[in-house]
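This report looks at the ligand site first. It then turns to two backbone features.

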Amino acid sequence: MKAKITATASYLPERILTNFDLEKMVDTNDEWIRSRTGIETRHLVKEGEATSDMGTQIALQLLEKSGKDPEEIDLILVATSTPDYLVCSTAALTQDKIGAKNAWGFDIAAACSGFIFAMETASKFIESGRYKNAIVIGADTMSSIIDYTDRDTCVIFGDGGGGVLLESSDDDVGILDSILYIDGSGSRYLNVPAGGSAHPTSKDTVDKRMHFVHQDGKPIFKFAVKNMADVSKQILDQNKLTGDDLKLFIPHQANRRIIDAAAKRCGLPEDKVFINIHKYGNTTAGTIPIALNEAAESGRLEHGDLLLLAAFGGGFTWGSMLIRWGDA
Ligand code: COA
């Protein structure tokens with residue numbers, strides 16, 4: 001038995017922050033941001049809007065599209081680095097807001113690889129035969145941990161998320177394979193230093209702005225290109241496939257140059273690579289499900305098509321997933 005995607009959804013908050021808006025906030029400019037990252041705009045939540053609010057919108061769309069009742073959902077996983085609270089999972093808050101009273105679930109913290117990690121986890125529950133309908137969400141409110149005086153990070157990230165409904169499949173569509181990795185030695189290059197047990201929040205950590213994302217862009221860039229390309233190639237090789245067999249490659253959207261370089265290393269032509277980073281920036285766990293929903297809604301995926309997902313993120317985390325598309 002396989003787990004197959006039977007519905008897709010995404011949610012982008014209404015407020016839009018353009019490169020020109022950022023020019024007024026930090027020492028940057030539209031030309032630099034576009035040429036170094038490919039980003040033109042990103043969406044930001046309104047005051048009081050949290051990750052579970054986005055998760056709820058996504059879950060409600062999935063219920064509507066699939067015609068399922070909230071009571072039919074038995075598992076909810078939310079991949080996020082920006083939960084509403086440190087204690088109380090965003091999955092539980094989402095469960096309550098949609099009234100999925102027969103569901104259990106939890107959050108998964110794998111930064112930008114979170115959605116693929118959550119899909120792998122949910123698929124194993126479905127494949128076991130014990131769970132039938134799983135909602136898998138990737139969503140991040142990056143604006144809650146971004147320092148809008150730090151030009152190294154504030155130009156890159158945005159808020160948003162997406163998700164899928166996973167159900168069991170007896171035919172040959174669904175999640176075919178995945179390869180996932182973590183390497184904690186990379187944690188020094190991208191992290192939020194304070195607010196956890198290593199450095200609990202204090203006046204000192206706040207004064208030092210340690211509750212915001214800190215990143216060393218260059219090593220991450222190199223790591224991302226190499227590992228996202230290698231893990232994509234690895235999954236194709238182990239399934240005796242080449243880029244020619246794929247309908248679409250949906251990579252994590254962190255930087256247009258990273259996507260182009262990784263696709264080139266895998267020998268994937270531009271028309272098979274899904275790119276929407278110009279509109280949303282890096283929404284962390286949100287990028288892949290947002291792209292997946294756009295690809296599905298725009299008719300770029302048909303029954304039987306082979307789809308490759310690949311991501312990398314803080315941790316370090318990285319991975320790839322091969323899917324044969326069904327009828328979502
Ligand atoms: N606007 C204008 N100039 C900026 C800038 C900004 N927002 N941010 C940095 N600069 C400057 C730097 O200070 C540097 O100036 P200098 O040459 O006078 O020292 C110059 O631009 C080049 O900086 P550099 O860091 O070499 O740029 P880059 O080509 O490596 O691009 C990133 C920077 C962050 C866009 C790129 O390294 C990157 O995308 N890394 C990966 C980050 C990522 O994906 N994080 C999320 C992981 S999931």
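Helix H8 (217–238) gives the largest share of the shell around the ligand, with 4 residues. The model is predicted.

**Who builds the shell**

Other elements contribute too. Helix H2 (30–37), helix H6 (151–154), helix H9 (256–265) and strand E12 (306–313) are among those that each supply at least two residues of the shell. The shell also draws on two domains. Domain 1 (2–171) and domain 2 (176–324) each provide at least three of its residues.

What is the chemical make-up of the shell around the ligand, in nonpolar, polar and charged residues? The nonpolar group has 11 residues, the polar group 8 and the charged group 6.

**Contacts with the ligand**

There are 25 residues around the ligand. Those that come nearest are Thr28, Arg36, Gln215, Lys218 and Asn255. Lys218 and Asn255 also appear in the table below, which lists side chains with an N or O atom paired with an oxygen atom of the ligand.

| Side chain | Distance from its N or O atom to a ligand oxygen atom |
|---|---|
| Lys218 | 2.5 Å |
| Asn255 | 2.7 Å |
| Arg257 | 3.0 Å |

On its own, the ligand has 960 Å² of accessible area, and the protein covers 74% of it. Where does the ligand sit? Its place is the second largest pocket.

**Two backbone features**

Strand E12, which helps to line the ligand, leads into a loop that ends at strand E13 (317–324). Phe316 is in that loop. The peptide bond from Gly315 to Phe316 is cis. Its omega is near -10°.

The other feature is at Arg209. This residue is not a glycine, yet its phi is positive, at about 55°. Arg209 belongs to the loop between helix H7 (203–207) and strand E10 (214–215).

Notes: Residues are numbered from 1 along each chain as its sequence is written. This is a predicted model: local features need pLDDT of at least 70, side-chain atom pairs count only at pLDDT 80 or more; totals for chains, interfaces and linings use all residues. Side-chain values use heavy atoms; hydrogens and water are left out. A residue is near a molecule or strand if one of its heavy atoms lies within 4 Å of it. A polar contact is a pair of N or O atoms within 3.5 Å; within protein, one must be able to donate a hydrogen and the other to accept it, and residues adjacent in sequence count only if both atoms are side-chain atoms. Accessible areas come from the Shrake-Rupley method with a 1.4 Å probe; for residues, only the protein chains shown count as cover. On a 1 Å grid over the protein atoms alone, a cavity is a set of points where a 1.4 Å probe fits but cannot get out, and a pocket is an open set with protein on both sides within 12 Å along at least five of seven lines; lining residues have an atom within 4 Å of a point. A molecule sits in a cavity or pocket if more than half of its atoms lie within 2 Å of its grid points. Ala, Val, Leu, Ile, Met, Phe, Trp, Tyr, Cys and Pro count as nonpolar, Asp, Glu, Lys and Arg as charged, and the others, Gly among them, as polar. Domain bounds come from an automatic or database domain assignment.
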